[in-house]
Amino acid sequence: MNNLLLFLQKYYYWFVFLILEIVSIVLLFQFNSFQGSVYFTSANVMSGYIYEVQSRISSYFSLQQVNEELTSRNVQLALEISNLRKQLEAGEDSTHRAVSVSNVLNDYPNISATVVNATLNRTNNFLTINKGNADNVKPEMGVMGGNGLVGVVFKTTEHYALVLPLINTRSNISCKIRGRGYYGYLRWDGKDSRYAMLEDVPRHASFKKGDLVETSGYSEMFPEGIFVGKVEAIYNSADGLSFQLKVRLSTDFGRLRDVHIIQHTPDLERRLLQDEVVKSEEKEERS
Amino acid sequence: MIVSFLRRLFFFALLLLVQAFILNQVNILGYATPMLFVFFLLMFSRGSSRLSLLFWGFVMGFLMDLFTNTPGVGAASCTLLGMIQPVLLNLFVPRESPDDLEPSIKQQGWAKFSGYLLLSTFLFYISYYLLLAFSLAHLEDLVINVVGGTLFTFVLMLGLNSLYIRS
C-alpha cells in the first residue's frame, strides 16, 4: 500500500497527462461528426463575437474593392438581362430553363449573413457566419455568395454558424457541366483555395476547357443551376475510368464577405420516395 | 508568487491574441503557418511543476483550437509538449547549471538554446499535423508544413526572445 502511494506520488503527472490527452482526443472525434458539439469552435459565443468585431473593423479597409466588385457584377447582370430579353422576344425555347431556375430560387427564400472568420490554408477550412438558430439557419442548408456557390452549413449555435465551404476536403457536392448535362462530384484536394476538382465525369462525356460548371439539383441543399466555376484543365482519373476536371471556382474565398443561406423547403414527395427506396433495399438485404 | 503568476498570465494572453489575430492569417505559399504560442511553454524554467506545465499546455492548446476550428488537435499536442518539455530542456543544458535554470541564450549559449527551440517546435509540429491529417496520405504536404512551420516559428521565437531581453 505504501509503495503504491509512493508510486502515485512520484508519477501522478503521467495520469494527468493521459486524462488530458483523452479529453483532447474525445473533443477531436466529437467534432468530426455532424451531431457533435459545436461549442468548442469559432462559432461559440466568445470567439464568434471577437471575430465579428474584428471583421467589422477590417471590413472598412476593403470597401473600395467591394464597390468595384458590385459594379462589375451589376454590369454583368444588366448584360444578362438584356440577353434574356432578346431571347424572350425571339421566343426561343432556351428561355424556359432560365425562367425555371428563377422560379426555383423563389421557392428557396434566403437569409443574408456576413462571414466573420474564414481559413484558407488548412485541409479542413471553415467559415464562421453571423447568423444561427435564432435566424432559422439549420445544418445542411446551402450557402451562396454573390459570385456563386460557397458551401453548406455544418453546425449552428444560437447566433453563429459554421459553414463547410467547397474548399474543405470533406465537401462533396453534385455538379454538372452547363449545357452538356454530364454530372460529377465536386471535391477539393486540399491544396489551392482557387481550384476544386470535378470527379467521376464519364469517359464518353464531351466538353471543353472554359465550359461552366453549376449545381445539378440532385440534392435538396441547392436548386439546379447555381454557378460554381469554369473548367480550367482536364485530367484522367487515377483508375482511368473517368475524367477529372480542374475547376476554377467563381467564389474568391480569400475575400468572401456577404453570403446568402438558401432555406430549403423540404420536398416531401421526394423525401418519401427516397425513404421508400432505402427501406425496400434494406428489406431485400435482410431477406 | 502572485506577481510571477500574473506575469505568466499576461504573457499567455499576449501570445494567444497575437497568434489568433495575426499569425493564423500568415502563411508562405499556402504552407508554413507559424505557431508562436508554443514559445510560452518552452520558457518554463527547469524544475517547474510538471502538473502546471501540463495544465497550461492543455488550456493554451484548447483556446487556440477555438480560433482555428480544430478542437482537440492543439490541446493534445500542447499537452504532449508540456509533458516532454522538461526532458527536452535537460538535453540542452550545459553541465553544472542551476536546477532552476531559465531557458535563454545567456544561460545555455547560442547553439544549445537554438537546438532546444528547434527540436521542441519540430516535435510539436509533427504531433499537430499528424493529428490534424490523421493519415500519412499526403506525406509531402505534411513534411513541407512541418519543416516550413518549424523554421518560420523558430525565426519568430528568436526575434521575440531578443525583444524580451532588451525590455
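Contact is taken here to mean heavy atoms within 4.5 Å, and the structure described is a predicted model. On this basis, the buried residues of helix H1 of chain A pack against elements of both chains, namely strand E4 (149-156) and strand E5 (161-165) of chain A together with helix H3 (50-68), helix H4 (73-91) and helix H6 (110-133) of chain B. The buried set of H1(A) consists of Tyr13(A), Val16(A), Phe17(A), Leu20(A), Glu21(A), Ser24(A), Leu27(A), Leu28(A) and Phe31(A). Helix H1 of chain A comprises 30 residues (residues 2-31), for which a rise of 1.5 Å a residue predicts a span of 44 Å, and the 42 Å between its end C-alpha atoms therefore agrees with expectation. A bend of about 65° is nevertheless found in H1(A) at Tyr11(A).

Strands E4 and E5 also belong to a closed barrel of six strands in chain A, which runs E1-E2-E5-E4-E3-E12 with antiparallel pairing. Neighbouring strands of this sheet are turned against each other by 40° on average, direction ignored. Within the barrel, strand E1 (residues 110-118) and strand E12 (residues 258-262) of chain A are joined in the antiparallel sense over five bridges, and Ile111(A) stands opposite Ile261(A) of E12(A).

In chain B, Phe154(B) is located in helix H7 (residues 139-166). Its relative accessible area is 13%, and Phe154(B) is classed as buried because this value falls under 20%. Apart from neighbours within four places in sequence, Phe154(B) is in contact with Ser114(B), Leu117(B) and Leu118(B). The C-alpha atoms of Phe154(B) and Met35(B), which are 119 residues apart along the chain, are separated by 9.3 Å.

Definitions and conventions: Residues numbered from 1 in each chain as written. Chains lettered and ligands numbered in written order. Predicted model: local features only at pLDDT ≥ 70, side-chain atom pairs only at ≥ 80, totals over all residues. Heavy atoms only, no water. Pairing = 2+ DSSP bridges. Helix = DSSP H or I, 4+ residues; strand = E, 2+ residues; numbered from the N terminus. Axes fitted to C-alpha atoms, helices over the stretch in contact; angles between N-to-C directions. Expected span 1.5 Å × (residues − 1). Bend = angle between axes of the 7 residues up to and from the residue. Buried < 20%, exposed > 50% of the residue type's maximum accessible area, 1.4 Å probe, protein only.
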